[in-house]
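Colleague: I would like to go through the terms used for this model one by one, and to hear in each case how the value stands against the cut-off.

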Protein chains: 2
Amino acid sequence: MRIPIQVSAESAEPMYHQIEVQLRSLILSGHLPEGTLLPSIREFAQELGCSIITIRRVYQDLEGEGLLRTRQGTGTFVASVGVTEREQYRADAVIEGFRAAIETAKRVHCSREETIQIFEQCLAKWMPPEQAQPENGGKQE
Amino acid sequence: MRIPIQVSAESAEPMYHQIEVQLRSLILSGHLPEGTLLPSIREFAQELGCSIITIRRVYQDLEGEGLLRTRQGTGTFVASVGVTEREQYRADAVIEGFRAAIETAKRVHCSREETIQIFEQCLAKWMPPEQAQPENGGKQE
DNA sequence: TATACTGTTAATATAAATATACACAGTATG
DNA sequence: CATACTGTGTATATTTATATTAACAGTATA
């Protein structure tokens with residue numbers, strides 16, 4: 001099974017993290033159905049131009065999140081997580097993001113109303129309604 | 001001028017960061033008016049039980065954010081930033097938090113409506129309306 | 001100018017994050 | 001069982017983040 005992942009050795013972002021983010025996204029989006037056999041750590045490492053330890057770390061991390069299952073001698077598979085668990089994991093990731101953002105807002109003494117207003121502006125900028133999905137709304141990024 | 005800051009050497013959070021967060025908060029909240037002379041790096045270091053380099057780093061970082069002014073031989077002062085700039089800085093910090101949270105939401109393929117719903121739940125949990133401000137709303141933290 | 005303060009710079013130590021090579025162990029299959 | 005695959009564990013190298021000391025330079029003032 002060929003996994004469409006792109007990594008850049010020049011990026012400041014660690015390779016293991018680049019791979020994790022993309023592979024997690026492929027699993028959560030359903031592009032890699034439950035039970036899919038992933039490439040072996042050696043095969044994947046050669047394809048991406050990194051060490052097998054780096055791939056192993058990715059597989060270990062995602063297994064810790066319940067997204068993968070590994071069996072020594074056999075291989076690594078997309079875990080058969082129920083829809084409920086998957087949805088819960090997705091929600092948890094987003095909740096943690098908002099928790100941090102709200103903590104920042106409290107730190108700089110934003111009022112509740114001000115916080116809501118800023119959120120709405122950010123949402124309009126980075127997650128606009130579907131009917132309007134231009135390449136770049138004309139504003140600075 | 002005595003600056004009320006508490007640091008814990010046991011915390012996993014780096015000391016320079018603990019100090020930065022608290023000092024930034026004191027400035028942005030107005031507890032330290034513009035022009036206030038801060039303790040010298042040696043005096044502050046002794047009071048907090050760290051090296052002068054650590055205090056220097058804090059002063060440098062906050063100066064980079066436009067919150068402090070330093071003059072060699074004289075001391076370090078709370079910068080005379082205009083209300084507009086200060087408000088802009090506050091907003092930028094919160095915007096960056098929400099940008100990261102929304103990026104996460106997009107990564108796990110949250111819809112716009114789902115993202116809004118999660119935000120509202122988080123807001124209710126960590127920044128409840130003023131009329132209801134219990135010690136801990138009865139839920140897990 | 002002498003002194004006593006102020007911040008500054010360079011060199012360095014320590015710990016944590018990131019990435020690796022190599023030897024080891026489990027599994028499937030002839 | 002022999003082979004060729006699979007993941008695993010140990011020891012280690014490299015880089016970055018964090019923190020420090022000691023010598024240096026600017027400023028105010030008697």
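Modeller: Let me begin with the polar contact, which is a pair of N or O atoms within 3.5 Å; within protein, one must be able to donate a hydrogen and the other to accept it, and residues adjacent in sequence count only if both atoms are side-chain atoms. Please keep in mind that this is a predicted model, in which local features need pLDDT of at least 70 and side-chain atom pairs count only at pLDDT 80 or more, while totals for chains, interfaces and linings use all residues. Residues are numbered from 1 along each chain as its sequence is written, chains are lettered from A and ligands numbered from 1 in the order in which they are written, and side-chain values use heavy atoms, with hydrogens and water left out.

Colleague: What makes the approach of M15(A) to a phosphate oxygen of DNA strand C a polar contact?

Modeller: A backbone N or O atom of M15(A) lies 2.9 Å from that phosphate oxygen, and the limit is 3.5 Å, so the pair qualifies. Base nitrogens of the strand are approached as well: a polar side-chain atom of R42(B) lies 2.5 Å from one, and a backbone N or O atom of G73(A) lies 3.4 Å from one.

Colleague: How many residues surround DNA strand C, and what makes a residue count as near?

Modeller: A residue is near a strand if one of its heavy atoms lies within 4 Å of it, and 24 residues surround DNA strand C, with Y16(A), I53(A), T54(A), R42(B) and R56(B) the closest. Of the atoms of DNA strand C that come within 4 Å of the protein, sugar and phosphate account for 61%.

Colleague: Why is the pair of F119(A) and F119(B) called stacked?

Modeller: Rings of Phe, Tyr and Trp (its six-membered ring) pair if their centres lie within 6.5 Å, and planes under 30 degrees apart count as stacked, over 60 as edge-to-face and the rest as tilted. F119(A) and F119(B) are 3.7 Å apart centre to centre with 15 degrees between the planes, so the pair is stacked. F119(A) lies in helix α5 of chain A and F119(B) in helix α5 of chain B, so the pair joins two chains; helices (H or I, at least four residues) and strands (E, at least two) are DSSP runs, numbered from the N terminus.

Colleague: What, then, is the pair of F44(B) and Y59(B) called?

Modeller: That pair is tilted, at 6.4 Å centre to centre and 50 degrees between the planes. F44(B) sits in helix α2 of chain B and Y59(B) in helix α3 of chain B, 15 residues apart, and both residues are buried.

Colleague: How do you know whether H109(A) is buried or exposed?

Modeller: Buried means under 20% relative accessible area, exposed over 50%, and partly exposed in between (1.4 Å probe, protein chains only). H109(A) has 42%, so the residue is partly exposed. H109(A) lies in the loop between α4 (83–107) and α5 (112–126) of chain A, and its phi is near 60 degrees, a positive value. Most residues other than glycine have a negative phi.

Colleague: What makes R57(A) a charge over the ring of Y16(A)?

Modeller: The rule asks for NZ of Lys or CZ of Arg within 6 Å of the ring centre and within 35 degrees of the ring normal. R57(A) lies over the face of Y16(A) at 3.6 Å from the ring centre, and R57(B) lies over the face of Y16(B), at 3.6 Å from the ring centre.
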